[in-house]
Amino acid sequence: MGQDQCLKQLMKRLEQLARNDREQVIYLIVLIKHTLLETTLASTQITPDLDDQRRISKQMGRYLGDLAGDVERLAQGDYRPGDLEAKSPELPKRVTTWEDCLSAWSRKQGSVREVDGFGVSEKREQKHRRSIRQIQDWTEEQTGRRLEAGEMTPSLMRSYRIALEDRRDVAVSTRKAALDCLKALLAAGVRDGLMPNNPAEGQRVAIPDGHSESKKFSPFSAAESALILEELLKAKELSLEQKTLF
């Protein structure tokens with residue numbers, strides 16, 4: 001059924017609303033969803049889940065009276081903006097996801113080394129996915145939602161950078177790599193036109209004074225490290241004594 005035919009049926013059903021026929025109202029809602037809603041969602045590349053569909057249907061039902069009034073005014077030659085136009089919200093925009101940015105980054109790399117013999121390694125892609133999971137875990141703790149790339153702001157990225165700097169359970173190089181991965185993904189999104197700017201631009205994990213970037217995290221405390229060193233020295237002295245005896 002073409003869109004023009006659907007609209008004609010919509011006009012016809014609106015004329016029958018005065019009869020207060022429940023079946024007609026239900027059919028009208030379905031027709032509006034098919035003619036207007038699905039086309040709009042497809043144009044914005046938005047796929048609502050089941051809960052979103054229920055909320056949308058409920059809201060559309062509230063607009064039926066306004067729609068009927070607008071159609072009646074149009075039929076009488078009154079082309080001024082109607083109630084529905086004034087109440088309708090702005091067209092929703094699809095949020096750029098981290099997966100979108102990862103795909104853009106992968107295209108720039110060209111190939112997968114394990115498949116084509118050149119390009120980016122699967123291990124490196126897994127590292128990027130791990131960085132995505134980590135920042136979404138963090139945004140869920142901060143906001144209650146696992147935010148996507150298009151929802152990140154310079155303020156959020158600054159706060160996440162500070163959170164990385166405050167971590168002491170991993171090496172500085174690991175913290176730097178986590179932020180660098182995200183910056184690369186966001187830059188790829190900007191390059192592909194998915195985002196207007198990179199919210200992580202200018203952010204970098206600072207290396208603490210007196211701390212070498214190559215220094216790795218030690219799972220032992222200072223006292224434990226001293227004890228291990230003492231035992232190693234004892235073992236070395238014992239080995240030298242045994243060699244002297246023979």
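## Packing around helix α10

In helix α9, the residues L156, M157, Y160, R161, L164 and E165 are buried, where buried means under 20% relative accessible area, exposed means over 50% and partly exposed means in between (1.4 Å probe, protein chains only). The structure is a predicted model, in which local features need pLDDT of at least 70 and side-chain atom pairs count only at pLDDT 80 or more, while totals for chains, interfaces and linings use all residues. Residues are numbered from 1 along each chain as its sequence is written, and side-chain values use heavy atoms, with hydrogens and water left out.

**Exercise 1. State which helices the buried residues of α9 pack against, and check the length of α9.**

Step 1: the buried residues of α9 pack against α8 and α10, with contact taken as heavy atoms within 4.5 Å.
Step 2: α9 has 13 residues and extends 18 Å from its first C-alpha to its last, close to the 18 Å expected at 1.5 Å a residue; the expected span is 1.5 Å times one less than the number of residues.

**Exercise 2. Describe the secondary structure of the chain and the share of its residues that is buried.**

Step 1: the chain comes to 11 helices and 0 strands, where helices (H or I, at least four residues) and strands (E, at least two) are DSSP runs numbered from the N terminus.
Step 2: read from the N terminus, the elements follow the order α-α-α-α-α-α-α-α-α-α-α.
Step 3: of the 246 residues in the chain, 28% are buried.
Step 4: when contacts between residues at least 6 apart in sequence are considered, 57% of them join residues at least 24 apart.

**Exercise 3. Establish whether the span of α10 agrees with its number of residues, and list the buried residues of α10 with their packing partners.**

Step 1: helix α10 covers residues 172-191, and its 20 residues should span 28 Å at 1.5 Å a residue, which agrees with the 28 Å between its end C-alpha atoms.
Step 2: the buried residues of α10 are V172, R175, K176, A178, L179, C181, L182, L185, L186, A188 and G189.
Step 3: these buried residues pack against α6 (98-109), α8 (122-143) and α9 (154-166).
Step 4: just after α10, G193 takes a positive phi of about 80 degrees.

**Exercise 4. Work out how α8 is oriented against α10 and which residues make the contact.**

Step 1: the two helices pack at an angle of about 100 degrees, with their axes 9 Å apart; axes are lines fitted to C-alpha atoms, for helices over the stretch in contact, and angles run from 0 to 180 degrees between N-to-C directions.
Step 2: α8 is therefore roughly perpendicular to α10, given that angles under 35 degrees count as roughly parallel, over 145 as roughly antiparallel, 65 to 115 as roughly perpendicular and the rest as oblique.
Step 3: α8 contributes K127, H128, S131, I132, Q134 and I135 to the contact, and α10 contributes A178, C181, L182, A184 and L185.
Step 4: the residues of this contact divide into 7 nonpolar, 3 polar and 1 charged, where Ala, Val, Leu, Ile, Met, Phe, Trp, Tyr, Cys and Pro count as nonpolar, Asp, Glu, Lys and Arg as charged, and the others, Gly among them, as polar.
Step 5: Q134, which lies in α8, is partly exposed, with a relative accessible area of 31%.
Step 6: leaving out residues up to four places away in sequence, Q134 touches Y160 and A178, and the C-alpha atoms of Q134 and A178, 44 residues apart along the chain, are separated by 8.5 Å.

**Exercise 5. Carry out the analysis for α6 and α10, and then place G189.**

Step 1: the axes of α6 and α10 come within 8 Å and cross at roughly 85 degrees, which makes α6 roughly perpendicular to α10.
Step 2: W98, C101, L102, A104, W105 and K108 of α6 meet L182, A184, L185, L186, A188, G189 and R191 of α10, and the residues of this contact divide into 10 nonpolar, 1 polar and 2 charged.
Step 3: G189 is found in α10 and counts as buried because its relative accessibility is 0%.
Step 4: neighbours within four places in sequence aside, G189 is in contact with C101, A104, L194 and M195.
Step 5: G189 and D100 are 89 residues apart in sequence, yet their C-alpha atoms are 7.2 Å apart in space.

**Exercise 6. Decide whether C101 and C181 are buried or exposed, and give the count of disulfides.**

Step 1: C101 counts as buried because its relative accessibility is 0%.
Step 2: C181 counts as buried at 6% relative accessibility.
Step 3: with a disulfide defined as a pair of cysteine sulfur atoms within 2.5 Å, the count comes to 0 disulfides.
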